[in-house]
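Biologist: I would like a close look at a single part of this model. Please take it slowly, as for a first-year student.

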Amino acid sequence: MSQDAAGRDRLRAQLAPATTALLTVECQNGVVGEDGALPELAAQARESGMLGRVAALVDAAHLAGVQVLHAVAERRPDGLGANSNARLFRAADRLPVRQLSGTAAVEVAAPIEVADRDIVVRRLHGLSPMAGTSLDALLRNLGCRTLVVTGVSANVAIPNTVFDAVNLGYTVVVPADAIAGVPAAYTPQLIRNSLALVATVTTAEDVIGTWAGP
């Protein structure tokens with residue numbers, strides 16, 4: 001058996017629909033939308049095709065019976081419970097678009113389709129959808145063993161999510177072309193030098209093809 005064939009078999013085993021969940025991270029209007037708070041990141045997510053590939057992965061997951069979860073970062077208008085212990089958080093308070101609960105900014109961005117069975121996990125603090133939220137408990141109750149991580153940003157939330165999930169015992173799969181960060185050259189460096197050490201790195205096409213079957 002060639003190494004490529006072995007790799008395909010391993011990916012197929014990891015991505016069994018009954019024990020796999022697909023997570024989109026901060027794929028929300030206020031982050032990756034056309035009027036997002038971070039124009040450079042939003043442009044990279046859209047122009048690279050990342051957002052379209054995440055939408056295709058979500059569609060494929062729906063068809064294959066894979067549970068989809070959407071991790072959204074938001075904050076209360078009064079800021080209660082939000083972090084202020086890092087420059088990133090303080091800068092967010094000065095941005096023209098704020099991720100306020102109940103606004104369009106925290107809705108999942110097009111062209112991603114949110115199905116009735118999808119679960120939206122919202123967080124009011126921190127850098128990772130795994131830390132201080134119900135995500136881990138939800139995944140365990142769903143019987144999830146493999147987590148497919150997509151979205152933004154490769155700079156902060158994606159590596160936090162991957163490392164947190166690995167530390168909690170999940171097998172993590174990262175479609176390299178379904179995450180984005182800034183500058184564009186940073187994302188492949190992160191994947192090569194960090195994420196590839198702890199996660200299975202693949203492509204959106206390979207994940208979709210695995211879920212589609214032979």
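How many bridges join β4 to β5, and do the two strands run parallel or antiparallel?

Modeller: This is a predicted model. In it, β4 and β5 are joined by three bridges, and the two strands run parallel. One position to look at is Val-148, which stands opposite Val-173 in β5. To get from β4 to β5, the chain passes through helix α7, residues 157-167. This β-α-β crossover is right-handed.

Strand β5 itself spans residues 171-175 and is mostly covered, with four of its five residues buried. β5 also pairs with strand β7, residues 200-202. That pairing is again in the parallel sense and has three bridges. Here Val-174 has Val-201 in β7 as its bridge partner.

β4 also leads into the packing of the model. The largest nonpolar core has 29 residues, and the members that touch the most others are Leu-22, Met-50, Ile-112, Val-152 and Trp-211. β4 (146-152) is one of the elements that give two or more residues to this core, and others include α3 (39-47) and α9 (204-212). Helix α4 supplies the largest share, eight residues.

Met-50 can be followed further. Setting aside neighbours within four places in sequence, its contacts include Gly-151 and Val-152, as well as Cys-27 and Ala-45. Met-50 is also in contact with Asp-177, Ala-178, Ile-179 and Ala-180. Apart from this core there is a second, separate one of 25 residues, with Ala-71, Leu-135, Ala-154 and Ala-199 among them.

Conventions
Residues numbered from 1 in each chain as written. Predicted model: local features only at pLDDT ≥ 70, side-chain atom pairs only at ≥ 80, totals over all residues. Heavy atoms only, no water. Core = buried A, V, L, I, M, F, W, Y, C linked by side-chain atoms within 4.5 Å. Buried < 20%, exposed > 50% of the residue type's maximum accessible area, 1.4 Å probe, protein only. Contact = heavy atoms within 4.5 Å. Pairing = 2+ DSSP bridges. Right-handed = clockwise from strand over helix to strand, strands pointing away.
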